[in-house]
Amino acid sequence: MSGTTPADVVCLGESMVTFLPSRPGRLADVPSFDRGIGGAESNVACALAAAGHRTAWVSRVGADGFGDHLVEAVAAYGVDTSFVRRDPSRPTGIYFRTATDRDTDVHEVAYYRAGSAASAMSPSTVPCDGLPTGRILHLSGITAALSADCLALLHELTAPRVGRPLISFDVNYRPGLWRGESPAVLLEPARRADVVFVGEDEAEAAWGVVGAAAIREALPEPGVVVVKRGADGVTVFSHEPGLRASNASGADEVTHVPALRVDVVAPVGAGDAFAAGFLSATLRGLPVRDRARHGHLMAAAVLTVPGDLTAPPAREHADRLAALDDDAWGRLRLGPGWTGDDTEVRTP
């Protein structure tokens, strides 16, 4: 990506080397781990790049082997990593996790990211005028939890300014990261964003806000608020100017899109993939229902493979599925291999 060619989406945030267990069980019992990469924002950048969009990832990593691996692995997806800075005095973050779902009681994550290179991101080390240009800037609440400097950077990036790109913000509340500052601070950047992704469970845990309608009341400013409701799908509140799904009064259009039935292989990475699918469809100017359906389809692609990242379905394939009528959409069941062959899509 050249300096004169803007990105479709710029993603800013920490990515880490992740160690994935060779088998299920407690971290204390797992004998070996496979190396991978993990980071909410870089996951979105990689997924969008694999879907054919121009993307850039902005971050800081250590001047170490793990930093080399991260930059090379993200770049291999076609992401522009030229805005990733190396820190000679701070390490690249790493973490270990169990194979179980993050939402279960037996899931364990051991982070080794305190004092990481990315935690030193700040308005001075990542100035707004030094960012690559892009149509969308994608951020997440994970950045706010890394350090006071990172929180200050998030506030600066989401502040109103001339020429600001569309801001996409995934709340991504991770309780294990919040040790000092209250997660209530995530309300401000969320209210400054244009597109917000937030789970009902996250909103209740972080802000004490219960239910999709109450979440919208707490976030009245964004043009689009996507409330993720687990197996019940998503509810999207939208009042974007000129959006086809909006009504003439300018009040919210409320769109509920059911989740797909998926034969899950590994329950990780779905949230980032959903955001990537939704933003991909947003870039293409699709209506809200189809944006959410593309989010579900991208999430299903990840859920049916072992890792956090995978090749998305071909655009034509995804467009055909997203255009199904409500009854046919409700009968879809997706299993491993569905992204590469229509015969893997079942409608029992």
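**A walk through the predicted fold**

T125 sits in the loop that runs between β7 (109-112) and β8 (134-140). In this predicted model, T125 has a relative accessibility of 32%, so it counts as partly exposed, a label for values between the 20% and 50% cut-offs. Setting aside neighbours up to four places away in sequence, T125 is in contact with just a pair of residues, R60 and A120. P222 is 97 residues from T125 along the chain, and the C-alpha atoms of these residues are separated by 28 Å.

Now for the whole protein. The chain folds into 11 helices and 16 strands. Its radius of gyration is 19 Å, close to the 20 Å that the globule rule gives for 348 residues, so the protein is as compact as a globular protein of that length. Measured out along the principal axes, the C-alpha trace spans about 55 × 50 × 45 Å. Of the 348 residues, 53% count as buried. The accessible surface adds up to about 14,300 Å², and carbon and sulfur atoms own 52% of that area. As for charge, there are 32 positive and 43 negative ones, and their mean positions lie 2 Å apart. Contacts also reach well along the sequence: taking those between residues at least 6 apart, 68% join residues at least 24 apart.

What about the inside? In soluble globular proteins, nonpolar side chains tend to be buried together. Here the largest nonpolar core holds 54 residues, and the members that touch the most others are F197, V226, V236, L260, F274, F278 and L297. Helix α9 (residues 288-303) supplies the largest share of this core, with 9 residues. There is also a second, separate core, made of 44 residues, including A7, A144, C150 and A193.

V236 is a handy place to look at the largest core up close. Leaving out residues within four places in sequence, V236 is in contact with V224, V225, V226, E253, V254, T255, F278, V288 and A292. Next door is T235, which belongs to strand β12 (residues 234-238). The relative accessibility of T235 is 6%, under the 20% cut-off, so T235 counts as buried. Again skipping residues up to four places away, T235 touches A212, V225, V226, V227, R229, V254, T255 and H256. Y173 is another matter: 62 residues separate T235 from Y173 in sequence, and their C-alpha atoms are 19 Å apart in space.

Helix α2 (residues 65-75) has its own set of buried residues, namely G67, H69, L70, V71, A73 and V74. The cover over them includes strands β2 (16-21), β3 (33-38), β4 (55-62) and β5 (84-87), along with helix α1 (40-50).

The loops offer some contrasts. S89 is found in the loop between β5 and β6 (94-97). With a relative accessibility of 64%, over the 50% cut-off, S89 counts as exposed. S89 and F33 are 56 residues apart along the chain, and 27 Å separates their C-alpha atoms.

N172 also lies in a loop, the one between β9 (166-170) and α5 (187-192). Even so, N172 is buried, with a relative accessible area of 8%. Its backbone is worth a look too. Most residues other than glycine have a negative phi. N172 is not a glycine, yet its phi is positive, near 45°.

Finally, A314 is placed in the loop between α9 and α10 (315-322). At 43% relative accessibility, A314 counts as partly exposed. A314 and T339 are 25 residues apart in sequence, while the C-alpha to C-alpha distance between them is 7.2 Å.

Key. Residues numbered from 1 in each chain as written. Predicted model: local features only at pLDDT ≥ 70, side-chain atom pairs only at ≥ 80, totals over all residues. Heavy atoms only, no water. Helix = DSSP H or I, 4+ residues; strand = E, 2+ residues; numbered from the N terminus. Rg over C-alpha atoms; globule rule 2.2 N^0.38 Å. Buried < 20%, exposed > 50% of the residue type's maximum accessible area, 1.4 Å probe, protein only. Contact = heavy atoms within 4.5 Å. Areas by Shrake-Rupley, 256 points an atom, 1.4 Å probe, with all protein chains shown as cover. Lys, Arg positive; Asp, Glu negative; His and termini not counted. Charge placed at Lys NZ, Arg CZ, Asp CG, Glu CD. Core = buried A, V, L, I, M, F, W, Y, C linked by side-chain atoms within 4.5 Å.
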